[in-house]
Amino acid sequence: MMDFSQLEGKLGYRFKDKELLRRALTLSSADNLFNNQTLEFFGDAVLEFIVSEKIFDDTESEGRLTERRKALVSDDALTPVSKRLGLDTALIRGTSDTRNKKAVPSAYEAVVAAIYLDGGLNEAKKFVFSTLDFNARAAENYKGDLQELLQSRGEERPVYVSENVGTEQSPRHMAKFTLYGVTFEGTAEKVKDAEQLAAKKALDYIKSQNN
């Protein structure tokens, strides 16, 4: 059996059933039957519950709480956490599996499930609370804010059109939509960021019209 003592030290949890941890780290490319896919599925739900309970505040809107939770449990947020804990190098992969980036944040979810199954909800909470940064602010969601504003007015949400305006070496995307007869554009490396920039311009325009 593999020695996980060093990894358990980083996780801050000692497993009674070491096979649970081994399974949480095993990708389907290494073992088609004994792998972390179902643990990842379960851990995603457990993690969302723990985070939801932690950030719950009935004075905040549902939309804001959802955005904050999304920011905390997104792949972008979990990837550096997994790497800091050493989960990326502890993954048990198939010999040809070297580029599965999704496996790194998913390993965190699988470990959450493994700890929950091995030690219960309180131990899973301790792990999540000690490894996630709950003080991190969610990125501004201009698209969501714009959509909420338009819905409150009984108006339809904008339809974004994106276009690749960069090169293979320097990817750039432009996103645009038309609202109130005005076209708003945003350009960024990723389509979603370009859409956020376009939405921000629309919100600034609406605010200026209301002043």
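Is F41 buried or exposed? In this predicted model, F41 is exposed, with a relative accessible area of 68%, and its place in the chain is in helix α3, which covers residues 37–55. Together with F42 and L117, F41 forms a nonpolar patch on the surface, and the accessible area of these three residues together is about 330 Å².

## The sheet and the helix across it

Three strands form an open sheet in the order β1-β2-β3, and the pairing is antiparallel. Strands β1 (161–164) and β3 (182–188) stand at the edges, each with a single partner strand, so one side of each is left without a neighbour in the sheet. From one strand to the next, the twist averages 20 degrees.

The pairing of β1 with strand β2, which holds residues 173–179, is antiparallel and runs over four bridges; within it, S162 stands opposite A175 in β2. Helix α10, made of residues 191–210, lies across β1, β2 and β3, and its direction is at about 140 degrees to that of β3.

Ahead of the sheet, in the loop between α9 (142–152) and β1, is the place of R157. This arginine counts as exposed, at 55% relative accessibility. When its neighbours within four places in sequence are left aside, R157 is in contact with Q147 and L150. The C-alpha atoms of R157 and D17, which are 140 residues apart along the chain, are separated by 50 Å.

## Salt bridges

The count of salt bridges in the model comes to twelve. Three of them are set out here with the distance between nitrogen and oxygen.

| Pair | N to O distance |
|---|---|
| K16 and D118 | 3.8 Å |
| E67 and K70 | 3.4 Å |
| K143 and E195 | 2.8 Å |

In the pair of K16 and D118, the closest N and O atoms are 3.8 Å apart. K16 lies in the loop between α1 (5–11) and α2 (18–25), while D118 lies in helix α7 (residues 103–119), so the pair ties together parts that are 102 residues apart in sequence. The two partners stand in opposite classes of accessibility, since K16 is exposed, with a relative accessible area of 64%, whereas D118 is buried, with a relative accessible area of 10%.

The bridge between the side chains of E67 and K70, at 3.4 Å from N to O, is placed within one element: both residues lie in helix α4 (residues 62–73), three residues apart, which is about one turn of the helix. K70 is partly exposed here, and its relative accessible area is 47%.

The side chains of K143 and E195 meet in a salt bridge with an N to O distance of 2.8 Å. K143 lies in helix α9 and E195 in helix α10, so this pair ties together parts that are 52 residues apart in sequence. K143 is partly exposed, with a relative accessible area of 27%, whereas E195, at 14% relative accessibility, counts as buried. Elsewhere, E8, R14 and K18 are joined into one network by salt bridges that share partners.

## Two buried residues of helix α7

Which residues is D118 in contact with, leaving aside its neighbours within four places in sequence? They are Y13, R14, F15, K16, D17 and L20, and this list includes K16, the residue with which D118 forms a salt bridge. D118 lies in helix α7 and counts as buried at 10% relative accessibility, because buried means under 20% relative accessible area.

I115 also has its place in helix α7, and at 0% relative accessibility I115 counts as buried. Leaving aside its neighbours within four places in sequence, I115 is in contact with Y13, F15, G120, E123, A124 and F127. Y13 and F15 thus appear in the contact lists of both I115 and D118. I115 and G43 are 72 residues apart in sequence, and their C-alpha atoms are 9.3 Å apart in space.

Terms used: Residues are numbered from 1 along each chain as its sequence is written. This is a predicted model: local features need pLDDT of at least 70, side-chain atom pairs count only at pLDDT 80 or more; totals for chains, interfaces and linings use all residues. Side-chain values use heavy atoms; hydrogens and water are left out. Two strands pair if DSSP finds at least two bridges between them. Helices (H or I, at least four residues) and strands (E, at least two) are DSSP runs, numbered from the N terminus. Axes are lines fitted to C-alpha atoms, for helices over the stretch in contact, and angles run from 0 to 180 degrees between N-to-C directions. Contact means heavy atoms within 4.5 Å. Patches are made of residues with over 30% relative accessible area and no salt bridge: like charges are joined within 9 Å, nonpolar side chains (Val, Leu, Ile, Met, Phe, Trp, Tyr) within 5 Å. Accessible areas come from the Shrake-Rupley method with a 1.4 Å probe; for residues, only the protein chains shown count as cover. A salt bridge is a side-chain nitrogen of Lys or Arg within 4 Å of a carboxyl oxygen of Asp or Glu. Buried means under 20% relative accessible area, exposed over 50%, partly exposed in between (1.4 Å probe, protein chains only).
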